Structures are given as structure tokens and as C-alpha cells.
Amino acid sequence: QAQLVESGGGLVQAGDSLRLSCAASGRSFTSYALGWFRQAPGKEREFVACISWGGGSTYYKDSVKGRFTISRDNAKNTVYLQMNSLKPEDTAVYYCAAKFGAVATTLNQYQYWGQGTQVTVSS
């Protein structure tokens with residue numbers, strides 16, 4: 001059964017960096033677009049970044065452009081989210097997700113989801 005497992009979250013100060021990883025297992029995700037989403041307390045889950053199956057196309061939420069970078073290693077079935085210059089408003093549970101085919105920024109197009117990893121940024 002396909003499974004996505006996130007890691008790398010933690011408690012950091014504003015301005016620090018973190019790198020999240022999401023390891024996929026149970027099947028190959030080479031034909032799948034991969035995305036990162038986040039959900040802050042009391043808010044809806046929102047799109048953060050996504051990457052095409054070959055890694056040639058990436059999209060970002062406007063507020064993270066220039067600070068976050070999504071990448072993938074298909075040989076390792078892993079997607080990463082490098083987060084720099086973190087801000088308190090980045091505090092959320094971060095989820096990775098996979099969808100077959102083209103990239104998308106909407107949640108309901110993704111078929112597989114991880115359990116999430118907490119990122120807390122203190123001011």
C-alpha cells in the first residue's frame with residue numbers, strides 16, 4: 001500500500017531554516033506530481049509548493065516564493081522542501097501529497113497524503 005512519511009519538522013526561531021523530507025513507499029511515484037501543503041491551527045489546509053514528476057516544473061504559494069524550494073529525488077522516491085528565512089506565520093503542520101499526472105495546486109486533486117510534520121517558528 002502506498003505510503004508517504006514526512007520528517008524534518010521542529011521548533012526554530014524566525015530567520016532559521018529547515019528541510020522537510022517526504023519518503024514514499026509501497027509504489028513508485030515517478031509518474032506522480034508531488035506537493036507540500038500546510039495547515040495552521042484554526043485554518044484550512046493550504047497549498048505551499050508542488051513539483052512535476054520530472055522535476056522540471058515547480059509552483060509556489062506567493063508568500064513562500066524566494067524562501068522555500070521544492071525538489072525531488074526519484075531514485076530515492078523522496079520529495080524535499082527547503083525552507084529558509086522562516087517566519088512565525090509559517091507555523092503549521094506540513095503535509096506532503098502525491099497525484100498522478102500533471103502538477104496541481106488544489107488539495108482535492110491529490111490521491112495520497114502523509115500524516116504531517118509540525119513546524120513551529122518562534123518570534
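At 61% relative accessibility, Asp 62 counts as exposed, and its side chain meets that of Lys 65 in a salt bridge with an N to O distance of 3.0 Å. The model in which this contact is found is a predicted one, and the structure holds five salt bridges together with eight aromatic pairs. The points below take up the charged network, the strands that carry part of it, the aromatic contacts and an open sheet of four strands.

**Salt bridges and the charged network**

- Arg 38, Glu 46, Lys 61, Arg 67 and Asp 90 are linked in a network of salt bridges.
- Within this network, Arg 38 forms a salt bridge with Glu 46, and the closest N and O atoms of the two residues are 2.7 Å apart.
- The two partners differ in their surroundings, since Arg 38 is buried with a relative accessible area of 4%, whereas Glu 46 counts as partly exposed at 27% relative accessibility.
- The side chain of Glu 46 also meets that of Lys 61 in a salt bridge, at 3.3 Å from N to O.
- Because Lys 61 lies in the loop between strand S6 (58-60) and S7, and Glu 46 in strand S5 (residues 46-51), this pair ties together parts that are 15 residues apart in sequence.
- Lys 61 has a relative accessibility of 25% and therefore counts as partly exposed.
- Arg 67, another member of the network, is placed in the loop between S6 and S7 and counts as buried at 10% relative accessibility.
- A polar atom of the Arg 67 side chain lies 3.0 Å from the backbone oxygen of Ser 85.

**Strands S4, S5 and S6**

- S4 and S5 pair in the antiparallel sense over five bridges, and in this pairing Arg 38 stands opposite Glu 46 in S5, so that these two residues, which also share a salt bridge, face each other across the strands.
- The hairpin of S4 and S5 has six residues between the strands, and in it Gly 42 takes a positive phi near 75°.
- S5 is joined to S6 by three bridges, and the two strands run antiparallel; the bridge partner of Ile 51 in S6 is Thr 58.
- S5 and S6 likewise form a hairpin with six residues between them, where Gly 55 in the turn has a positive phi of about 85°.
- S5 is mostly covered, with five of its six residues buried.

**Aromatic contacts**

- The rings of Phe 29 and Tyr 112 have centres 5.6 Å apart and planes at 90°, and because an angle over 60 degrees counts as edge-to-face, the pair is described in that way.
- Phe 29 lies in the loop between strand S3 (18-25) and strand S4 (32-39), and Tyr 112 in strand S10 (residues 112-113), so the pair ties together parts that are 83 residues apart in sequence.
- Phe 29 counts as buried at 1% relative accessibility, while Tyr 112 counts as partly exposed at 26%.
- Tyr 112 also forms an aromatic pair with Tyr 32, and this pair is tilted, with 6.0 Å from centre to centre and 55° between the planes.
- Since Tyr 32 lies in strand S4 and Tyr 112 in strand S10, this second pair ties together parts that are 80 residues apart in sequence.
- Tyr 32 is buried, with a relative accessible area of 7%, and Phe 29, Tyr 32, Phe 100 and Tyr 112 form one aromatic cluster.
- The charged end of Arg 45 sits over the ring of Tyr 95, 3.6 Å from its centre, and also over the ring of Trp 113, 5.1 Å from its centre.

**The four-stranded open sheet**

- Four strands form an open sheet in the order S1-S3-S8-S7, with antiparallel pairing.
- Strand S1 (3-7) and strand S7 (68-73) stand at the edges, and because each has a single partner strand, one side of each is left without a neighbour in the sheet.
- Neighbouring strands of this sheet are turned by 15° against each other on average, with direction ignored.
- S3 and strand S8 (residues 78-83) pair in the antiparallel sense over six bridges, and Leu 18 has Met 83 as its bridge partner in S8.

Conventions:
Residues are numbered from 1 along each chain as its sequence is written. This is a predicted model: local features need pLDDT of at least 70, side-chain atom pairs count only at pLDDT 80 or more; totals for chains, interfaces and linings use all residues. Side-chain values use heavy atoms; hydrogens and water are left out. Rings of Phe, Tyr and Trp (its six-membered ring) pair if their centres lie within 6.5 Å; planes under 30 degrees apart count as stacked, over 60 as edge-to-face and the rest as tilted. Buried means under 20% relative accessible area, exposed over 50%, partly exposed in between (1.4 Å probe, protein chains only). A charge sits over a ring if NZ of Lys or CZ of Arg is within 6 Å of the ring centre and within 35 degrees of the ring normal. Two strands pair if DSSP finds at least two bridges between them. Axes are lines fitted to C-alpha atoms, for helices over the stretch in contact, and angles run from 0 to 180 degrees between N-to-C directions. A salt bridge is a side-chain nitrogen of Lys or Arg within 4 Å of a carboxyl oxygen of Asp or Glu. A polar contact is a pair of N or O atoms within 3.5 Å; within protein, one must be able to donate a hydrogen and the other to accept it, and residues adjacent in sequence count only if both atoms are side-chain atoms.
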